[in-house]
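Me: I am new to this structure and would like to know how its labels are reached. Please go through the reasoning step by step.

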Amino acid sequence: MFVHGNNLEQKENHRTKYRDKESKCYLAEIRSRYNQWKDNNENLVGPIKLHADNDDDILKQRVELLNNYKEFLDQQHYAEKFDSRSNLHSSVLEEFLYYLFRDLVSSISEHALIGKSHSFKDIFFRSSNYADMLTKPNALIEIKDHDFSIGCSITSKMLCKGSEESEIHKWDIPAVAIECKTYLDKTMLQDVSTAAEQLKQKNPNAMYMVVAEWLKLTDSVNLKKYKIDQIYVLRKQKNTDREFRYREGYVKNPIYDDVVIHLFNSVRNYLTSDWEGGITHGLEKGYLI
């Protein structure tokens, strides 16, 4: 849930890295602002599954909190000390999504999955011989990690007929899966499209989206051929290499609240709508897809 906070804690407690005086000072400054950001988000309640007149106001407040914290964290000296491989900056978006959807999901079910997930991708069976096959399933579950998911957690018990030796397997099933990117380029787009296709092969009702701060695609990219339901570019801005973002004259757009409101409403409408589908249901209407 607190992906960014956990990332920060790992750095604070790392035995070999970030032990120098400057790193400790920076981490203490970031910790102070992070705790403030977290407290403000936890004290802000909503929106939930039922529409309310102040929904947009709450979402705008969450975006304002995010912009303030991101503006602090994106300062050049922090960016140079904690580069992209440390995931300090990229993990902010993942934690923001938790605050954004926390009250919506809990208003639907207290048992719902929310946050990072180890989602079901595929299953296969590999017994060592036929006698072993008759005794236990020997199932192997292939898992795919998603940056952020809303769904459910499954516990499966498998048992061969006539045998008492059972197998227990656990995995997550996303209703909504969201990949978080600082920027989205063509290679990343292809990767997430493949992940979306794999998810929908096993869970055809799933919604798969990408949330990025910046975009690194040209107009020559045909978005229709990709399997993603939506791509959100929070800053409505093309990507610029990090070193150029700190040059005088560069204008960095804020994270726009209308984009976040669209994201929230899309997920809420999906989670509270009817997913009825399949051949029989489509035949009743006269159109299948």
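Reply: Partly exposed is the class between buried, under 20% relative accessible area, and exposed, over 50%. The model here is predicted.

Me: Why is Asp83 called partly exposed?

Reply: Asp83 has a relative accessibility of 24%. That value lies between the 20% and 50% cut-offs, so Asp83 counts as partly exposed.

Me: What makes Arg85 exposed?

Reply: The relative accessible area of Arg85 is 71%. Exposed means over 50%, and therefore Arg85 is exposed.

Me: How do you know that the side chains of Asp83 and Arg85 meet in a salt bridge?

Reply: Their N to O distance is 2.6 Å. A salt bridge needs a Lys or Arg side-chain nitrogen within 4 Å of a carboxyl oxygen of Asp or Glu, so the pair of Asp83 and Arg85 qualifies.

Me: Why is Glu94 called buried, and Lys116 partly exposed?

Reply: Glu94 has a relative accessible area of 10%, which is under 20%, so Glu94 is buried. Lys116 has 46%, between the two cut-offs, and is therefore partly exposed. The side chains of Lys116 and Glu94 meet in a salt bridge at 3.2 Å, N to O. This pair links distant parts of the chain, with Lys116 in strand E1 and Glu94 in helix H5, 22 residues apart.

Me: What makes the contact of Arg235 and Asp74 a salt bridge?

Reply: The N to O distance is 3.8 Å, and the limit is 4 Å, so the contact of Arg235 and Asp74 counts. Both residues are buried. Arg235 and Asp74 also belong to a network of salt bridges that includes Lys70 and Glu213.

Technical notes
Residues numbered from 1 in each chain as written. Predicted model: local features only at pLDDT ≥ 70, side-chain atom pairs only at ≥ 80, totals over all residues. Heavy atoms only, no water. Buried < 20%, exposed > 50% of the residue type's maximum accessible area, 1.4 Å probe, protein only. Helix = DSSP H or I, 4+ residues; strand = E, 2+ residues; numbered from the N terminus.
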